[in-house]
Amino acid sequence: MYDKDNIFAKIIRGDAPSTQIYADDYAIAFQNIAPRAKTHVLVIPRGEYTDIYDFTANAPADAQTGFWNAVRKTVEKLGIENNFRAVANTGAGAGQSVFHFHVHIMSDERFKTDF
């Protein structure tokens with residue numbers, strides 16, 4: 001069940017601050033507050049989806065297309081088209097700590113994670 005009071009829902013509503021990188025009708029991209037790479041940005045859809053399974057099963061086609069376009073535009077705005085990692089953790093065991101679907105965009109000369 002989706003928690004309407006999670007931090008990402010608050011960011012979408014404007015009830016919590018974020019350092020926005022990109023925003024449109026489908027998604028918001030902002031700096032991660034606990035970066036694991038030199039560049040570490042989160043991209044979240046504006047809808048209420050708990051994880052990638054929920055998003056791909058329940059978001060309308062235009063919302064899915066709009067979200068992935070926002071991911072692409074965020075990468076382009078950051079200028080990291082040829083050196084980035086996109087990660088979507090699903091479930092607490094995989095490291096998901098906020099249960100609002102999001103993609104981590106990370107770039108660094110040497111990544112600080114072991115994938």
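Buried means under 20% relative accessible area, exposed means over 50%, and partly exposed is whatever falls in between. Gln64, at 18%, is therefore buried. All the views below come from a predicted model.

**View 1. Gln64, a buried residue in helix α3.** Gln64 sits in helix α3, and its relative accessible area of 18% is under the 20% cut-off, so Gln64 counts as buried. Setting aside residues up to four places away in sequence, Gln64 touches Phe55, Thr56 and Ala59. Pro45 is 19 residues away from Gln64 in sequence, yet the two C-alpha atoms are 8.5 Å apart in space.

**View 2. The aromatic cluster of Tyr49, Phe55, Phe67, Trp68 and Phe101.** Two numbers do the work in this view: a pair of aromatic rings is described by the distance of the centres and the angle of the planes. The model has 7 aromatic pairs in total. One of them joins Tyr49 and Phe55, edge-to-face, with 5.3 Å from centre to centre and 80° between the planes. Phe67 and Trp68 make another edge-to-face pair, at 4.9 Å centre to centre and again 80° between the planes. Ring pairs tie these four residues and Phe101 into a cluster. How buried or exposed are the rings' residues? Phe55 has 0% relative accessibility and is buried; Phe67, also at 0%, is buried too. Tyr49 comes in at 13%, under the 20% cut-off, so it still counts as buried. Trp68 is partly exposed, because its 37% lies between the 20% and 50% limits.

**View 3. The largest nonpolar core, with 18 residues.** In soluble globular proteins, nonpolar side chains tend to be buried together. Which members of this core touch the most other members? They are Ala29, Val43, Phe55, Phe67, Phe101 and Ile105. At least two residues each come from β1 (20-23), β2, β3, α3 (61-78) and β5. Helix α3 is the top contributor, giving 5 residues to this core. Apart from this core there is another one, made of 8 residues and including Phe8, Ile11, Phe30 and Leu42.

**View 4. Val43 and its contacts.** Zoom in on Val43, and leave out neighbours within four places in sequence. What remains in contact with Val43 is Ala27, Ile28, Ala29, Phe67, Val71, Thr74, Phe101, His102, Val103 and Ile105. Among these contacts, Ala29, Phe67, Phe101 and Ile105 turn up again in the list of core members that, together with Val43 and Phe55, touch the most others.

**View 5. The largest pocket, about 550 Å³ in volume.** Rolling a probe the size of a water molecule over the atoms shows where empty space is left. Here the lining of the largest pocket runs to 25 residues, and Asn32, Ala34, Leu42, Ser97 and His104 lie nearest its centre. Which elements supply at least two lining residues each? Those are α1 (7-13), β2 (27-31), β3 (39-45) and β5 (103-107). The largest share, 3 residues, comes from α1. As for chemistry, the lining divides into 13 nonpolar residues, 11 polar and 1 charged. Leu42, one of the residues nearest the pocket centre, is also listed in the 8-residue core.

**View 6. Gln31, partly exposed in strand β2.** Gln31 belongs to strand β2. With a relative accessible area of 32%, Gln31 is partly exposed, because that value lies between the 20% and 50% limits. Its contacts, not counting residues up to four places away in sequence, are Thr19, Ile21, His40 and Val41. Take Thr19: this residue and Gln31 are 12 residues apart along the chain, and their C-alpha atoms are separated by 5.5 Å.

**View 7. Ile52 in helix α2.** Helix α2 covers residues 52-58, and Ile52 is found there. Ile52 has 26% relative accessibility, so this residue counts as partly exposed. Beyond residues up to four places away in sequence, Ile52 touches Ala88, Thr90 and Phe101. Phe101 links back to View 2, where this residue belongs to the aromatic cluster. Along the chain, Ile52 and Asp62 are 10 residues apart, with 16 Å between their C-alpha atoms.

Terms used. Residues are numbered from 1 along each chain as its sequence is written. This is a predicted model: local features need pLDDT of at least 70, side-chain atom pairs count only at pLDDT 80 or more; totals for chains, interfaces and linings use all residues. Side-chain values use heavy atoms; hydrogens and water are left out. On a 1 Å grid over the protein atoms alone, a cavity is a set of points where a 1.4 Å probe fits but cannot get out, and a pocket is an open set with protein on both sides within 12 Å along at least five of seven lines; lining residues have an atom within 4 Å of a point. Grid points are joined across faces, edges and corners, and a volume is the space filled by probe spheres set on the points. Helices (H or I, at least four residues) and strands (E, at least two) are DSSP runs, numbered from the N terminus. Ala, Val, Leu, Ile, Met, Phe, Trp, Tyr, Cys and Pro count as nonpolar, Asp, Glu, Lys and Arg as charged, and the others, Gly among them, as polar. Rings of Phe, Tyr and Trp (its six-membered ring) pair if their centres lie within 6.5 Å; planes under 30 degrees apart count as stacked, over 60 as edge-to-face and the rest as tilted. Buried means under 20% relative accessible area, exposed over 50%, partly exposed in between (1.4 Å probe, protein chains only). A nonpolar core is a set of buried Ala, Val, Leu, Ile, Met, Phe, Trp, Tyr and Cys residues joined through side-chain atoms within 4.5 Å. Contact means heavy atoms within 4.5 Å.
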